[in-house]
Amino acid sequence: MTFTLPAPTLKTICNTVLRCSASSLAVTSSRPTVRPQASAPFSTTSTILSGHSRWSKIKHDKGKADLRRGEEFSKISREIITAAKVDGADSLRLKAALELGKKAGMSKSRMESAAQRGLGVSREGVQLQVLTIEAIGPVNVSLIVDCLTDNKLRTLQAIKYLLKEGRANVTDVAYLFSRKGRLFYTLNTGLPEPQPTLSEVYEETFEKAMETDGVEDVELIEEGGGGGEPPGISVITVPELANTVSKQIMGAMSPKLKVEKIAVEWVAKEDTMIDPESEGTPDDWDKLRGLIDTLEEADDVQGVYTNARSL
């Protein structure tokens with residue numbers, strides 16, 4: 001059986017329900033809303049930020065320490081190479097240089113590689129080859145990069161990449177330079193008293209050089225005047241007689257002098273020199289210095305030469 005409410009009765013029930021709902025809403029809305037106060041979160045970190053952090057400071061200090069360490073390793077590597085090249089594999093000088101590297105924390109493989117380079121072979125016993133790359137860098141300064149490598153293609157690609165990153169273009173510039181032998185000596189400070197001064201030894205070296213075939217110039221390098229080199233004596237020779245001249249000079253001047261370098265280098269011709277004071281901007285020269293630093297740090301690079309008057 002189905003029970004059906006008359007229409008007026010159904011309408012009455014609906015109106016009653018609507019009035020009750022409206023009344024309930026009115027009562028609810030008349031009550032004040034109480035919002036709970038949010039409690040401050042517990043934290044051990046200061047809410048004031050200084051803009052610095054302990055992490056960034058440690059990272060910065062470590063970067064500076066790594067840079068100094070790298071510079072020290074590079075200096076010791078050059079001494080190992082020179083000792084092996086000049087005095088041979090069994091020399092006391094090479095042993096002393098290797099001991100210095102060990103105390104500084106250099107790896108055994110790096111020291112062995114430097115010694116082998118001085119002897120003209122790679123660690124694997126492969127004969128090293130000379131590779132010369134020419135380029136024009138920032139401020140139109142000419143660059144010559146001398147490399148010693150066991151893989152010419154690999155080194156060529158690596159150096160070309162560094163040159164491109166430093167805004168330099170590979171091109172012929174060797175005609176702006178001359179090849180010269182360069183010998184560099186420092187005063188041996190381990191002599192018994194009274195020790196001679198660098199100026200006194202320079203005068204003796206000059207006299208000996210005047211009697212030696214192949215010498216073109218002798219220069220006294222004083223403190224702060226050698227482009228980063230220590231005080232010493234620089235001797236310029238014709239390239240093919242560099243070793244012969246050095247043996248004759250050391251035969252007369254040993255033990256007053258110590259050999260720091262025997263090399264054949266690229267020397268820019270005087271009329272091609274570019275002066276920082278008259279060419280380019282300080283930013284241009286900073287970019288050039290950065291490029292040279294990057295090239296000198298490359299594994300196979302033996303020397304970077306420019307026609308900049310000073311850097």
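# Exercises on a predicted model

The largest nonpolar core of this predicted model has 21 residues, and those with the most contacts inside it are Leu-143, Val-145, Ile-159 and Leu-163.

## Exercise 1: the cores

Work out which elements give two or more residues to the largest nonpolar core, and what surrounds Ile-159.

Solution. Begin with the elements: β1, β2, α5 (152-165), α8 (282-297) and β8 (301-306) each give two or more residues to this core. Among these, α8 gives the most, with 5 residues. Turn next to Ile-159, which, once its neighbours within four places in sequence are left aside, is in contact with Ile-133, Val-145, Cys-147, Leu-295, Ala-298 and Val-301. Finally, look for a further core: a second, separate one of 17 residues includes Tyr-185, Ala-209, Ala-242 and Met-250. As general background, nonpolar side chains tend to be buried together in soluble globular proteins.

## Exercise 2: Val-145

Decide whether Val-145 counts as buried or exposed, and find the residues that Val-145 touches.

Solution. First locate the residue, whose place is in strand β2. Its relative accessibility is 1%, and the cut-off for buried is under 20%, so Val-145 counts as buried. Then list the contacts, not counting residues up to four places away in sequence: Val-145 touches Leu-131, Thr-132, Ile-133, Ile-159, Leu-295, Val-301, Gly-303 and Val-304. As a last step, compare chain and space: Val-145 and Trp-266 are 121 residues apart along the chain, while their C-alpha atoms are separated by 9.4 Å.

## Exercise 3: the sheet

Establish the order of the strands in the open sheet of 4 strands, and identify the helices that pack on the sheet.

Solution. Start from β1 (residues 129-136) and β2 (residues 142-149), which run antiparallel and are joined by 8 bridges; in this pairing, Gln-129 has Thr-149 of β2 as its bridge partner. The two strands form a hairpin with 5 residues between them, and Val-139 in the turn has a positive phi of about 60 degrees. Next, β1 pairs with β3 (residues 169-170) in the antiparallel sense over 2 bridges, with Ile-136 standing opposite Asn-169 in β3. Likewise, β2 and β8 pair in the antiparallel sense over 5 bridges, and here Leu-143 stands opposite Thr-306 in β8. Put together, the order is β3-β1-β2-β8, with antiparallel pairing, and the edge strands are β3 and β8, each of which pairs on one side only.

Now add the helices. Helix α5 packs on the sheet, where it touches β1, β2, β3 and β8, and its direction makes about 20 degrees with that of β1. Helix α8 also packs on the sheet, touching β2 and β8, and its direction makes about 160 degrees with that of β8.

## Exercise 4: the faces of α7

Determine how the buried residues of α7 are placed around its axis, and what covers those residues.

Solution. Check the helix itself first: α7 (residues 242-253) has 12 residues and reaches 16 Å from its first C-alpha to its last, close to the 16 Å expected at 1.5 Å a residue. Its buried residues are Ala-242, Val-245, Ser-246, Ile-249, Met-250 and Met-253. Viewed down the axis of α7, these buried residues fall within an arc of 125 degrees, so they line one face of the helix. On the other side of α7, Lys-247 and Gly-251 are exposed. To finish, the cover over the buried residues of α7 includes β4 (177-187), α6 (198-210), β5 (215-221), β6 (232-237) and β7 (257-268).

Technical notes:
Residues are numbered from 1 along each chain as its sequence is written. This is a predicted model: local features need pLDDT of at least 70, side-chain atom pairs count only at pLDDT 80 or more; totals for chains, interfaces and linings use all residues. Side-chain values use heavy atoms; hydrogens and water are left out. Two strands pair if DSSP finds at least two bridges between them. A nonpolar core is a set of buried Ala, Val, Leu, Ile, Met, Phe, Trp, Tyr and Cys residues joined through side-chain atoms within 4.5 Å. Buried means under 20% relative accessible area, exposed over 50%, partly exposed in between (1.4 Å probe, protein chains only). Contact means heavy atoms within 4.5 Å. Axes are lines fitted to C-alpha atoms, for helices over the stretch in contact, and angles run from 0 to 180 degrees between N-to-C directions. The expected span of a helix is 1.5 Å times one less than its number of residues. The arc is that of the directions from the helix axis to the C-beta atoms.
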